[in-house]
Structure formats: C-alpha cells, structure tokens
Amino acid sequence: ADKSIAQLREVLDADPRHAEAHNALGLALLQQGDATAAVSHLDQAATLAPDDLERLYNLGVAKLKLKALDEAADIFSRVLAADPGHAMSKEALDAITAAKSAPSSSSSKGGPAALPKPPPSAAKPAPSAAKPAPSAAKPA
C-alpha cells in the first residue's frame with residue numbers, strides 16, 4: 001500500500017488536477033486509517049469531478065470516519081438528490097440518523113457498527129483500479 005501511495009503522490013505531483021488519482025489516494029489513506037488526509041484528497045476528487053457520485057460518496061465515508069456526522073449526512077443527501085437509488089448513501093444516511101438518535105454510550109468504541117465502510121475499491125488504490133468516471137483521465 002505504501003508503494004501505491006507513493007506512486008499516486010507522484011501522479012499528483014505531475015498533475016495536481018488528476019481527479020482519479022486524488023480519489024484513489026484518498027481511499028488508500030482512508031484504508032490506512034488517515035481519515036484527515038483522506039478527506040483532503042477525496043474532497044479534491046469530488047471538486048474536480050463534481051458529477052461523479054461515487055467520489056462524493058467516498059468523501060462522505062471519510063467524513064464519517066472523522067465523526068463529522070452532519071457533514072457526512074449533507075454529502076449523502078447530495079448523492080441521493082442526484083441519484084435517489086444510490087443504496088449505499090441511503091444506508092449511510094439511515095445509519096447517521098440512527099446514530100444521532102441513539103444514546104451517546106452506544107458510540108463509545110469507534111461509533112455505531114452500522115456506519116458504512118469505505119467502498120471495495122479502497123483495497124486497490126491504483127488510479128486504474130478506481131471506478132473511473134466516464135470522463136476519467138487517461139493513464140499516465
């Protein structure tokens with residue numbers, strides 16, 4: 001994973017506007033437990049590719065890891081506004097609603113178990129392994 005992260009950083013050094021590399025790096029960092037750095041890259045990916053709902057969803061997952069429930073809920077709501085059938089965002093939003101209404105003692109160990117996990121694409125963070133948007137950048 002460290003090698004992939006280094007390669008993604010090289011891609012971004014060459015092209016800081018490479019949305020797919022930002023997304024893949026954000027997912028890799030999230031998988032390693034660095035949600036703060038992940039949010040930075042996932043936010044950049046979502047900004048560079050505003051029509052890519054999976055990138056926006058990934059940002060929402062990272063916000064959850066930081067326990068920024070209101071921000072995450074807003075992001076998942078935006079995904080659902082664009083795609084009412086986006087099941088993962090609906091589940092995440094439902095989990096956030098349940099977490100906010102549950103007693104605070106239920107989140108004593110890392111938050112409620114029902115909160116979503118990063119998408120499976122986080123396991124392979126290379127730019128070519130991420131789900132490319134129709135307008136995804138060409139491989140370097």
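Start by selecting Y57 and F76: both residues are buried. You're looking at a predicted model, by the way. Show the two side chains as sticks and look at their rings. Y57 and F76 make an aromatic pair of the tilted kind, with 5.5 Å from centre to centre and 50° between the planes. Why tilted? The label fits because planes under 30 degrees apart would count as stacked and those over 60 as edge-to-face. Don't go hunting for others, as the count comes to 1 aromatic pair.

Now colour the two helices that carry these rings. Y57 sits in helix 4 (residues 53-65) and F76 in helix 5 (residues 69-82), so the pair ties together parts that lie 19 residues apart in sequence.

Next stop: H41. Pick helix 3, residues 35-48, and you'll find H41 there. Is H41 buried or exposed? It's buried, because its relative accessible area is 15% and the cut-off for buried is under 20%. To see what surrounds H41, add R9, L12, H22, L25, G26 and L29 to your selection; H41 touches each of these, leaving aside residues up to four places away in sequence.

Then zoom out and switch to cartoon. The protein has 6 helices and 0 strands, so running from the N terminus you'll pass α-α-α-α-α-α. Of its 140 residues, 43% are buried. Among contacts with a separation of 6 or more, 54% join residues 24 or more positions apart.

Last, turn on the surface. About 7,700 Å² of the protein is exposed, and carbon and sulfur atoms supply 54% of that area.

Note on methods. Residues numbered from 1 in each chain as written. Predicted model: local features only at pLDDT ≥ 70, side-chain atom pairs only at ≥ 80, totals over all residues. Heavy atoms only, no water. Helix = DSSP H or I, 4+ residues; strand = E, 2+ residues; numbered from the N terminus. Buried < 20%, exposed > 50% of the residue type's maximum accessible area, 1.4 Å probe, protein only. Contact = heavy atoms within 4.5 Å. Areas by Shrake-Rupley, 256 points an atom, 1.4 Å probe, with all protein chains shown as cover. Phe/Tyr/Trp six-rings, centres within 6.5 Å; stacked < 30°, edge-to-face > 60°.
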